[in-house]
Amino acid sequence: SIGVTKTASTVAFAQDQTNAAANKIIEDLKKLGVEEKNIKTTNYSVNPNYDFNGGRQNITGYTVTQTLEVNITPIDVANKAIDAATADGANLVSGVNFTFNDKTKKDLENKARTEAVKMAKEKAENLAKATGIRLGRIVDVQESGNFEPRPIMMMQASEEKSADTQLQPGENSITINITLSYETL
């Protein structure tokens, strides 16, 4: 999530500043190879700023915020995208998540599922052997699982030139839990 928030004395001036920065960010993201379909506006807001002097409420200006959700691969492009966006005026960066693409996620879930079934059968057979129970056919299978992305929390952009961004994806995991119910003989 990359955003721009600007405050000015008029709505039009605040919008002009915000829109100019957002348009430059979008242009530079496209130059980095980010497809337009992977850039989505998720928030555009205009809010008055108030001064409460002397018991009266007076509007002192307006804040305009535009937030973009950007889906970026590979990781080195994400690093460059954050650097370009902040250089272009982004002053809100948050919610960096590392996820699997749909095909990879499906393949990993299937692999995890196969391994979970194998492990559940082995465990059931060992328990049956230890207790003297004879297992019949499987009468019920239940599955639960989750994918755990590693988020990076909010980063505020600095006005000064900083070191290049280095996002570290760490490790993601897919967990599949299988419960097998057997009939006993």
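A nonpolar core is a set of buried Ala, Val, Leu, Ile, Met, Phe, Trp, Tyr and Cys residues joined through side-chain atoms within 4.5 Å. This tour of a predicted model leads towards two such cores.

**The whole chain.** Begin with the complete chain in a cartoon view. It contains 3 helices and 6 strands, and these elements follow one another along the sequence as β-α-β-β-α-β-α-β-β. Next, display the surface. The accessible surface amounts to about 12300 Å², with 49% of that area belonging to carbon and sulfur atoms. Of the 185 residues in the chain, 26% count as buried. Contacts may also be shown: among those between residues at least 6 apart in sequence, 77% join residues at least 24 apart.

**Helix α1.** Select residues 11-31, which form helix α1. Its 21 residues reach 30 Å from the first C-alpha to the last, close to the 30 Å expected at 1.5 Å a residue. Now colour A14, T18, A21, A22, I25, D28 and L29, the buried residues of α1. These residues lie on the same side of α1, because they cover an arc of only 125 degrees around the axis. Turn the view to the face directed away from this buried side, and the exposed residues D16, N23 and K31 appear.

**What surrounds α1.** Add β1 (2-8), β2 (39-51), β3 (58-70) and α2 (75-87) to the selection; the buried residues of α1 pack against these elements. Then move just past the end of α1 to G33, where phi is positive, at about 100 degrees.

**The largest core.** Select I2, I25, L29, V34, I39, V70 and I72 and show their side chains. These are the residues with the most contacts inside the largest nonpolar core, which has 15 residues. Two or more residues of this core come from each of β1, α1, β3 and α2. The largest share, 4 residues, is supplied by α2.

Centre the view on L29, which is both a buried residue of α1 and one of the residues with the most contacts inside the core. Which residues does L29 contact, leaving aside its neighbours within four places in sequence? They are V34, I39, V70 and A81.

**The second core.** Finally, select I174, I176, I178 and L180. They are included in a second core of 9 residues, separate from the largest one. As general background to both stops, nonpolar side chains in soluble globular proteins tend to be buried together.

Technical notes. Residues numbered from 1 in each chain as written. Predicted model: local features only at pLDDT ≥ 70, side-chain atom pairs only at ≥ 80, totals over all residues. Heavy atoms only, no water. Buried < 20%, exposed > 50% of the residue type's maximum accessible area, 1.4 Å probe, protein only. Contact = heavy atoms within 4.5 Å. Areas by Shrake-Rupley, 256 points an atom, 1.4 Å probe, with all protein chains shown as cover. Expected span 1.5 Å × (residues − 1). Arc of directions from axis to C-beta.
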